[in-house]
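Student: I should like to take a close look at one sheet of this protein and then see how it fits into the rest of the chain. Could you please guide me through it?

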Amino acid sequence: MASVFHRLKKIAWLPVLVAGVLASCNKVDYLPVPLAVPGTAAGKTVAQVLAATPGDSLYYRLVVRSGILTANPATIIDSSLRFTMFVPDNAAMKVFINAISGGAVPLAAPDAVFSGFISANIPVASAVGLVSYNIVPQSLTTASFPSTFPNLQYPTILNPAPTLSALLRLTTFPSKRPGFAWVNNVPLTAADNVTANNGVIHEVAAVVVPPSASLWARISTDPDMTYYKAAVIRADSGTAAAPSTVGTLQGYLDNIGANFTVFVPKDSAMRATLTGQITLALIAQGVPPANAAATAAALAASPAVFSNPALYGALPPRLVQGIVAYHILPIRAFTVNLPPAPTVFYTLIGGPPGISVQAVFAGPVVSSATVKGQGNATASRVLLDPTPGTGKSDQNATNGVLHKIDQVLLPQ
């Protein structure tokens, strides 16, 4: 195994920006203050435009539920401030409410039933989190959306942990390609469609939900990421900070101030690669191939392969650290942000070899996405399933985005 990874460069870690873990972005009991800019009182504010738009009545009910229209200080009703709002129309809100109600509110129900559910069943704190995450405290038309990777992040007005830092904000990621635009990985259905005296409203195809857990929280609890989790733990066992998570891979993946993209190989992919590499190592030691293959399969049968003392020499912490870091980009990238042609970007190891990423589009939707290590014969597929919280791709976390892939990325 070491023959594959022995030339990995020393990892250049990003500095820790903020310590601590975000428990839940919906536990919010305050109203963030956006930046004030010179403006004019002429015309309607985004709040007034939203209130006067029949097709957005359910989202406006959510805004009312959040209390931001009557809060002190005021936000979207203030014509001296500037905002961008990403607003799902009534059809998108009905899909959202149908889902969070567990189907109790059917899609065919009258608008009044959906409105009543919002008022009676969505906690104020949750409404604040949802609405605040869909508001950027500056006016952004699609002309200012980035069209190349890596794209830019824009802070929302949602501070997920005000006790940690008054300056902390969850960020959102508007982007575009010719003919299409997104916020995170959600398509815009009507861009720049409403301009108010204090900002702009973009209609979106679905409710853009704020993340509530870190990358490590997802990795450490996903039943198909147990090998990668074990690899992170093995990598961290060689750091001076262990057993503390400060300065470790686990700490970075849990750090709310970080901003990563993690390509996590599914367990079967990790198991296959480990089995193959251990087999080769045993054959090199003189073990007959058949016996080597059987022994390797037994050794790699569970994530305990990384904590097996018999394999400490083949899987030292520094080597495993390089394997883990080679699967991490030091920037957040949803599949819609990936370039349409194979393009190499450096990973968290800090330099060559990088990984090649690509997305193929079918309209505003990614039909396939791949990532390839310099040592891979073929590209690994991103397993497309963007279902928030439980899917395999575009899993938005407080400190990055996660994609599950079907191969281990090899640097050489």
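**An open sheet and its surroundings**

Tutor: In this predicted model, strands E11, E12, E13 and E14 form an open sheet of 4 strands, in the order E11-E12-E13-E14, and their pairing is antiparallel. At the edges stand strand E11 (343-345) and strand E14 (380-381); each has a single partner strand, so one side of each is left without a neighbour in the sheet. In general, the strands of a sheet pair through backbone hydrogen bonds, either parallel or antiparallel.

Within this sheet, strand E12, residues 355-362, runs antiparallel to strand E13, residues 365-373, and 8 bridges join the two. One place to find on the display is valine 357, which stands opposite valine 371 in E13.

Strand E13 also leads to the largest pocket, since E13 is listed among the elements that each supply at least two residues of its lining. The others are helix H4 (90-100), helix H6 (124-133), strand E7 (186-196), helix H7 (215-219) and strand E15 (395-397). The volume of this pocket is about 1100 Å³. Its lining consists of 41 residues, and the closest to the centre are Asn185, Pro386, Thr387, Pro388 and Asp394. Sorted by class, the lining has 27 nonpolar, 12 polar and 2 charged residues.

Helix H4 gives the most to this lining, with 4 residues. Phenylalanine 96 lies in helix H4. With a relative accessibility of 15%, phenylalanine 96 counts as buried, because the cut-off for that class is under 20%. If its neighbours within four places in sequence are left aside, phenylalanine 96 is in contact with Leu130, Val207 and Val209. Phenylalanine 96 and valine 209 are 113 residues apart in sequence, and their C-alpha atoms are 9.9 Å apart in space. For the protein chain as a whole, 67% of the contacts with a separation of 6 or more are between residues 24 or more positions apart.

Strand E15, another contributor to the pocket lining, belongs to a second open sheet of 4 strands, whose order is E10-E9-E16-E15 and whose pairing is mixed. Here strand E10 (328-329) and E15 stand at the edges with a single partner strand each, so one side of each is left without a neighbour in the sheet. Strand E9, residues 260-265, pairs with strand E16, residues 400-405, in the parallel sense over 6 bridges. Valine 264 stands opposite lysine 404 in E16.

A hairpin offers a further example of antiparallel pairing: 4 bridges join strand E5, residues 174-177, to strand E6, residues 180-183. Lysine 176 has alanine 181 in E6 as its bridge partner. There are 2 residues between the strands of this hairpin, in which glycine 179 takes a positive phi near 90°.

A helix may be set beside these strands. Helix H10, residues 267-284, has 18 residues and reaches 26 Å from its first C-alpha to its last, close to the 26 Å expected at 1.5 Å a residue. Its buried residues include Ala269, Met270, Thr273, Leu274, Gln277 and Ile278. An α-helix has 3.6 residues a turn, so residues three or four places apart point the same way. H10 is followed by glycine 286, whose phi is positive, near 100°.

Finally, the protein chain has 12 helices and 16 strands. Of its 412 residues, 51% are buried.

Notes:
Residues numbered from 1 in each chain as written. Predicted model: local features only at pLDDT ≥ 70, side-chain atom pairs only at ≥ 80, totals over all residues. Heavy atoms only, no water. Pairing = 2+ DSSP bridges. 1 Å grid on protein atoms, 1.4 Å probe; cavity = no way out; pocket = protein on both sides within 12 Å on 5 of 7 lines; lining within 4 Å. Points joined across faces, edges and corners; volume = space filled by probe spheres on them. Nonpolar A, V, L, I, M, F, W, Y, C, P; charged D, E, K, R; others polar. Expected span 1.5 Å × (residues − 1). Buried < 20%, exposed > 50% of the residue type's maximum accessible area, 1.4 Å probe, protein only. Contact = heavy atoms within 4.5 Å.
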